[in-house]
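Dear colleague,

I am handing over the structure below, and I would be glad if you could look through it alongside the notes that follow.

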Amino acid sequence: MGIYTQKVGEWILEYVDSSPKEVMVEVTTSCNYDCIHCFRKNMLNQDLNKLMSIDVFKVVLREAEDAGANKISFSGWGEPLTHPEILSFISEAKKRGFKVLLNTNGYLLPDYVDELFRVGVDELYLSVDGVSEEVYSLMRRGGVLSRVSEGLMRLKELKLSSNSSKPEVYIQFTLTKLNVKDLLELPEYVKRVSAHQAVVSNVIPLSREFEKKLSCYSDTECMTVINELRDKLAKRIFATGGKISLPNFSHTSERSCPFISRNACYIRFDGSVAPCIQYSHSWVSNFASVTRVIKEVVFGNVTREHLRDIWRKPDYVKFRMNTYFFRMPSCFECNLREYCYITLSNESDCWGNTPTCASCPYAHDVVRCPL
């Protein structure tokens, strides 16, 4: 018997006990970069430069294992490779049989790549927001593209010499007016470093001024450039074999939450369990001309409760159900969004959901999630 039921029209939906299948683990909120579009600049709860302790990580692994999860993603609001225990964390996750994803900016990859390959990381996501040093440095302040490329080329060498397909490499490319023309060179870069695919995402602006100045989706001229590049890009992809996945630019698509659809949850550095990366901390977001305060959504903490029990809490179950079926309004498609006071935070919406994902750009595939 389910622990939560809800009547929808003439149907009754009943929750059948489930468990998380994927866990995104935030081992740190520290970062060695100062990217122009980073959420950390707008964080409100002062959780910058925090590290997950060894004891908390042990609890996370135990709880993920007991809950029946099969994948651990090392990602979040910081750079995982800056954690002094990251190799032991990844190694322990692999020893316990988890599939492991590592999301990194790649600066430290040359220092870690041999060991990461040895322990058997399954997926590697690298943020490369420009394929020229000049454009890359504009987007990723403090970063050096040549170091990222060096690490990727070394990984390519290791995979070839061992006849291995792991880890699968994905390039993440955050699109702005600064790097839009680099899209044409992206397939060649993907091919050169033997990446599986480049996943292009729109930027989430940090302010209205940022949106007007740098975002492509809100700028007619930039969208014209993208449309002009599409045919050329398709030819480059065909010629090189370097796969590119472009985001949705319309804001009007069938919605799907990457976390909810994959039975995934997010565990912060302190053990707190959130439904996704966007709602794991409090911060200020801006999208489609609306500035919102995103309040953290936390359903429990694995240092005090079992992950399976947190996952099955009625409030969390209700949240997942409403988000899975998106029984909530779509703020991006609402003509009143710039005038609506309700949508100025994620705490509620005009259909009575608390909290709500009505204004989430990830759900429209406008912004891509590294799961």
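**Helix H11 and the aromatic pairs**

In this predicted model, the buried residues of helix H11 pack against strand E1 (5-8), strand E2 (11-14), helix H9 (258-261), strand E10 (264-267), strand E11 (272-274) and helix H10 (307-311). H11 itself spans residues 314-324, and its buried residues are Tyr-316, Val-317, Phe-319, Arg-320, Met-321, Asn-322 and Thr-323. The helix is followed by Phe-326, whose phi is positive, near 45°.

Two of the buried aromatic residues of H11, Tyr-316 and Phe-319, also belong to a cluster in which ring pairs link them with Phe-299 and Trp-311. Trp-311 has a further partner in Arg-320, which lies over the face of its ring at 3.8 Å from the ring centre. A comparable arrangement is found for Arg-147, which lies over the face of Tyr-107 at 4.4 Å from the ring centre.

As for the aromatic pairs, the count comes to 13. One of them is formed by Phe-39 and Trp-283, which are stacked, with 4.4 Å from centre to centre and 20° between the planes. This pair links distant parts of the chain, since Phe-39 sits in the loop between strand E3 (22-25) and helix H1 (54-67), whereas Trp-283 belongs to strand E12 (residues 283-287), 244 residues apart. Phe-39 counts as buried because its relative accessible area is 16%, under the cut-off of 20%, and Trp-283 is likewise buried, at 0% relative accessibility.

With kind regards

Notes: Residues numbered from 1 in each chain as written. Predicted model: local features only at pLDDT ≥ 70, side-chain atom pairs only at ≥ 80, totals over all residues. Heavy atoms only, no water. Buried < 20%, exposed > 50% of the residue type's maximum accessible area, 1.4 Å probe, protein only. Helix = DSSP H or I, 4+ residues; strand = E, 2+ residues; numbered from the N terminus. Contact = heavy atoms within 4.5 Å. Phe/Tyr/Trp six-rings, centres within 6.5 Å; stacked < 30°, edge-to-face > 60°. Lys NZ or Arg CZ within 6 Å of the ring centre and 35° of its normal.
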